[in-house]
Amino acid sequence: MPTPPPSNSSRLVQGVRLHHPDRISRARREARSAQEIERLADTFKLMGDQNRLRLLMALRGGEMCVCDLAAFIGITESAVSHQLRRLRDARLVRSRRDGQVLFYRLDDDCVVELMTIAEGHLHALHHHRTSDTAAEAQR
């Protein structure tokens, strides 16, 4: 498909239309390294699994042992341990041993903040959709 001719406010650079070069420059200055992007994506992938997210959300209330987490989520202790190992490797949770019992807790408050921000976003989306539906119903 041919590139459309540039408008008065844009120009072509290497066949790509540029409208706001200052914004592109800012985005490039603020861009993260490929390694940082990969680590962020991996973190969101880990948190994107429903069982791992349930584990993280359960741990917001404080430390829990593997057997209690398994009972809460309804999966085997082995499956919980596997998921917690992945979360621990990503430094989202940390563990401590008390005899034969292994307890887990969130690694830091940033994990709670990530979940709280995501929940706030969902609530805002729901409110926005509800407002849009109500406005359409009045028309």
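**Notebook: confidence, fold, salt bridges, surface patch**

I began with confidence by element: strand β1 (residues 11-13) has the lowest mean pLDDT among the elements of the chain, 72, and strand β3 (residues 64-65) the highest, 98. The model is predicted, and I kept that in mind throughout. For the chain as a whole I noted an average pLDDT of 88, with 86% of the residues at 70 or above. Where pLDDT is low, the predicted coordinates should not be read in detail.

**Entry: overall layout**

I listed the secondary structure and got 6 helices and 5 strands. Read from the N terminus, the order of elements is β-β-α-α-α-β-α-α-β-β-α. I then looked up burial: of the 139 residues in the chain, 19% are buried. For contacts between residues at least 6 apart in sequence, I found that 44% join residues at least 24 apart. The exposed area of the chain came to about 10600 Å², of which carbon and sulfur atoms supply 52%.

**Entry: the sheet**

I traced an open sheet of 3 strands in the order β3-β5-β4, paired antiparallel. Strands β3 and β4 are its edges, each pairing on one side only. I checked the β3 and β5 pairing and counted 2 bridges, in the antiparallel sense. Met64 has Tyr104 in β5 as its bridge partner. Strand β3 is also the element with the highest mean pLDDT, 98.

**Entry: salt bridges**

I searched the whole structure and found 4 salt bridges. I wrote up three pairs, as follows.

Arg26 with Glu30: the side chains meet at 3.3 Å, N to O. I placed both residues in helix α1 (residues 21-30), where they are 4 residues apart, about one turn of the helix. Arg26 counts as partly exposed because its relative accessibility is 38%. Glu30, at 46%, also counts as partly exposed.

Arg60 with Glu119: I read 2.9 Å, N to O, for this salt bridge. The pair links distant parts of the chain, 59 residues apart, with Arg60 in the loop between α3 (50-59) and β3 and Glu119 in helix α6 (residues 109-138). Arg60 has a relative accessibility of 34%, so I entered Arg60 as partly exposed. Glu119 is partly exposed as well, with a relative accessible area of 25%.

Asp107 with Arg94: this salt bridge comes to 2.8 Å, N to O. Here too distant parts of the chain are linked, 13 residues apart: Asp107 lies in the loop between β5 (101-106) and α6, Arg94 in strand β4 (residues 93-98). I looked up whether each partner is buried or exposed. Asp107 has 19% relative accessibility and therefore counts as buried, since buried means under 20%. Arg94, with a relative accessible area of 36%, is partly exposed.

As a general remark on such pairs, side chains of opposite charge can pair when their charged atoms come close.

**Entry: surface patch**

I looked for nonpolar residues on the surface and noted a patch formed by Ile37, Leu40, Phe44 and Leu114. Together these residues have about 370 Å² of accessible area. Which element gives the largest share of the nonpolar patch? I found helix α2 (residues 34-48), with 3 residues. Phe44 is found in that helix, α2.

Terms used: Residues numbered from 1 in each chain as written. Predicted model: local features only at pLDDT ≥ 70, side-chain atom pairs only at ≥ 80, totals over all residues. Heavy atoms only, no water. Patch = residues over 30% accessible without salt bridge, like charges linked within 9 Å, V, L, I, M, F, W, Y side chains within 5 Å. Areas by Shrake-Rupley, 256 points an atom, 1.4 Å probe, with all protein chains shown as cover. Buried < 20%, exposed > 50% of the residue type's maximum accessible area, 1.4 Å probe, protein only. Contact = heavy atoms within 4.5 Å. pLDDT = per-residue confidence, 0-100. Pairing = 2+ DSSP bridges.
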